[in-house]
Every structure is written in structure tokens, then in C-alpha cells.
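Hi everyone, thanks for making time for this. I'd like to walk you through one model today, so please get your viewers ready.

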Amino acid sequence: MPQSQRVSSVIPFAAIGRPACPKCKAQMMLVSIEPVRARVVDLHTFECAVCNQVLTTFAAFEDPMKSKGLGRWLQGDLQPPK
């Protein structure tokens, strides 16, 4: 049965990469993303294909349709098709 390691810190989604396995140092694969706390935080589960170690982390979730970046993009050079 795979061992599980829980990381309790909330980290921005952009910072989520494929972590190294804490046991064998191989690159882990993202196997699932689950919503937690009304879509404020997501639970990311990574699994190592080499030793089957499981790692879960929390990631902050931002709705892209409500982001400040979307408003700036819409006010930019976006033009309707001609």
C-alpha cells in the first residue's frame, strides 16, 4: 500500500510543478485534482511511478473568469473579428 505524505501549506497554482519523490527522488505524476472548501483550495495528488509513493498538496484556486488579469486582457487590444 502506498505511503502518503500530506503537505498543509497552501501554495499558488502557478507554483505547482511535478515534485521529486521524497523516497526515491524520481519525478512524480499528477494523478488527481479535487476541489476542497467550496473551490477555494484544490487537493493535488501526485504518485511516483517508480516506488508508488503518494504525495498530496493543497493549491490555492482562482476562478479564471473572475481574475484581475481577465479584466486587463479584455480592456487591451482584443478586437472583434472583422
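I'll start with the overall picture and its confidence, then turn to a few residues.

First, please keep in mind that this is a predicted model. The mean pLDDT of the chain is 75, and 71% of its residues reach 70 or more. That confidence is not spread evenly: among the elements, strand E1, residues 4-12, has the lowest mean pLDDT, at 46, whereas E3 has the highest, at 90. Over residues 4-14 pLDDT stays under 50, and for that stretch the model has 25 contacts beyond four places in sequence.

Now the layout. The chain has 1 helix and 4 strands, and from the N terminus on the order is β-β-β-β-α. If you like contact statistics, here is one: of the contacts with a separation of 6 or more, 41% are between residues 24 or more positions apart. As for the surface, the chain has about 6200 Å² accessible, and carbon and sulfur atoms hold 58% of that. Of the 82 residues, 22% count as buried.

So which residues make up the largest nonpolar core? There are 5 of them: Cys21, Met28, Phe46, Cys48 and Leu55. In soluble globular proteins, nonpolar side chains tend to be buried together. Let's zoom in on Met28. Leaving out residues up to four places away in sequence, Met28 touches Cys21, Phe46, Cys48 and Leu55, and its other partners include Arg18, Pro19, Gln53 and Val54.

Next, have a look at Leu30, which sits in strand E2, residues 29-36. Is Leu30 buried or partly exposed? Leu30 counts as partly exposed, because its relative accessibility is 42%, and the range for that class runs from 20% to 50%. Beyond its neighbours within four places in sequence, Leu30 is in contact with His44, Thr45 and Phe46. Take Thr45: Leu30 and Thr45 are 15 residues apart in sequence, yet their C-alpha atoms are 6.0 Å apart in space.

Last stop, Asp42, in strand E3, which covers residues 41-47. Asp42 has a relative accessible area of 4%, so it is buried, the cut-off being under 20%. What does Asp42 touch, not counting residues up to four places away in sequence? The list is Ile33, Glu34, Pro35, Val36, Thr57, Phe58, Ala59 and Phe61.

That's my tour. Happy to take questions!

Terms used:
Residues are numbered from 1 along each chain as its sequence is written. This is a predicted model: local features need pLDDT of at least 70, side-chain atom pairs count only at pLDDT 80 or more; totals for chains, interfaces and linings use all residues. Side-chain values use heavy atoms; hydrogens and water are left out. A nonpolar core is a set of buried Ala, Val, Leu, Ile, Met, Phe, Trp, Tyr and Cys residues joined through side-chain atoms within 4.5 Å. Buried means under 20% relative accessible area, exposed over 50%, partly exposed in between (1.4 Å probe, protein chains only). Contact means heavy atoms within 4.5 Å. Helices (H or I, at least four residues) and strands (E, at least two) are DSSP runs, numbered from the N terminus. Accessible areas come from the Shrake-Rupley method with a 1.4 Å probe; for residues, only the protein chains shown count as cover. pLDDT is the predictor's confidence in each residue, from 0 to 100.
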